[in-house]
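Okay everyone, thanks for coming. I'd like to walk you through a structure today, so have a look at the screen and we'll start with the helices.

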Amino acid sequence: MKLELTPRLALLASWVPPGARLIDVGTDHGYLPAWLIQNGRIEEALASDLRPGPLSRAEDTARRCGVEGKMRLRLCPGLSAIRPEEGDTIAIAGMGGENIAMILSAAPWTADGQHTLLLQPQSRSEVLRRFLQDRGYRILREQLVWDRGILYPVLEARGGEMHLDEGRILAGACIERDPLGDRRLIALILRDFAALSGLLRAGAGEGEKAESLRREITHLITLREEWRHANGTSN
């Protein structure tokens, strides 16, 4: 079987360095490591999941792709049963930003500067960016990808320091250089305006949540102006 990856996994795969020793956390069907091995990008991979079902699916994928001898499977939550020396590149995709942050928090060795992290949060990406900033990581690059009607961020991070302003925590560390950045910023602004309108209709327009939304909207509008200026669309 010749695998084809979805756009979000294809972008993630393109960022895996050739010859990397990959650890794929929450592997599910095992498509990412199987594709990388099948296409000669890496020699082998360690794929983990916290449930037997996904590991069984990953095993089946490896068998059908002819790479079963090169994909090691491990049943464990996150990185709990994985040693730092078992890989140099860690992929965590297809789960919420809070879950990715919890996995990294339980494995502080991932911030040692010796491991590259390739992260693809399905939701709450702002939680993940704030965690990375507060816990000794830096985002090296971030890119949006359009996949089946949804915009997903893909991040590459490593141990280090960074200082993101609030707009970039909310929308993306490299949003001003992203071709899809304007679409993302508009979506976030409209989302916050809708939430604020709901609070105003409920008579909660002076509460803490409403003030927080107003601040977010201000940050996002400012960042959108930066995007427009950087991309030559400002008037």
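At what angle do helix H7 and helix H8 pack, and how far apart are their axes? One thing before I answer: this is a predicted model, so please keep that in mind throughout.

Right, the answer. In general, we describe two packed helices by the angle between their axes and the distance between those axes. Here, helix H7 runs over residues 181–201 and helix H8 over residues 208–230, and they pack at an angle of about 160 degrees. Their axes are 9 Å apart. Angles over 145 degrees count as roughly antiparallel, so H7 is roughly antiparallel to H8. The crossing of these two, H7 and H8, is left-handed. And what sort of residues make up the contact of H7 with H8? There are 16 nonpolar ones, seven charged ones and one polar one.

Now compare that with another pair, helix H4 and helix H5. H4 covers residues 97–105, H5 covers residues 125–134, and their axes come within 7 Å of each other. They cross at roughly 25 degrees. Anything under 35 degrees counts as roughly parallel, so that's what we call H4 relative to H5. The crossing of H4 and H5 is right-handed.

Let's move on to the rings. How many aromatic pairs does the structure hold? Just one. It's formed by Phe-131 and Tyr-137, with 5.9 Å from centre to centre and 35 degrees between the planes, which makes the pair tilted. Are the two partners buried or exposed? Phe-131 has a relative accessible area of 11%, so it's buried. Tyr-137 is buried as well, because its relative accessibility is 1%; the cut-off for buried is under 20%.

Rings can have charges over them too. The charged end of Arg-8 sits over the ring of Tyr-152, 5.8 Å from the ring centre. Then there's Arg-141, which lies over the face of Trp-15, at 4.1 Å from the centre of that ring.

Next up, some backbone angles. As a rule, most residues other than glycine have a negative phi. So which residues should catch your eye here? One is Asp-28, whose phi is positive, near 55 degrees. You'll find Asp-28 in the loop between strand E1 (22–25) and helix H2 (31–38). Its relative accessibility is 30%, so Asp-28 counts as partly exposed.

Arg-148 also has a positive phi, about 55 degrees, and it isn't a glycine either. Look for Arg-148 in the loop between strand E6 (137–147) and strand E7 (150–159). Is Arg-148 buried or exposed? It's exposed, because its relative accessible area is 65% and the cut-off for exposed is over 50%.

Last bit: distance along the chain versus distance in space. Take Cys-65, in helix H3 (residues 52–65). Cys-65 is buried, with a relative accessible area of 10%. In sequence, Cys-65 and Gln-38 are 27 residues apart, but in space their C-alpha atoms are 7.0 Å apart. Now take Ala-91, which is in strand E4 (residues 89–95) and is buried, at 1% relative accessible area. How far is the C-alpha atom of Ala-91 from that of Glu-126, 35 residues apart along the chain? Those two atoms are separated by 18 Å.

That's my tour, thanks for listening!

Technical notes. Residues numbered from 1 in each chain as written. Predicted model: local features only at pLDDT ≥ 70, side-chain atom pairs only at ≥ 80, totals over all residues. Heavy atoms only, no water. Phe/Tyr/Trp six-rings, centres within 6.5 Å; stacked < 30°, edge-to-face > 60°. Buried < 20%, exposed > 50% of the residue type's maximum accessible area, 1.4 Å probe, protein only. Lys NZ or Arg CZ within 6 Å of the ring centre and 35° of its normal. Axes fitted to C-alpha atoms, helices over the stretch in contact; angles between N-to-C directions. Helix = DSSP H or I, 4+ residues; strand = E, 2+ residues; numbered from the N terminus. Parallel < 35°, antiparallel > 145°, perpendicular 65-115°, else oblique. Left-handed = near helix turned anticlockwise from the far one by under 90°. Nonpolar A, V, L, I, M, F, W, Y, C, P; charged D, E, K, R; others polar.
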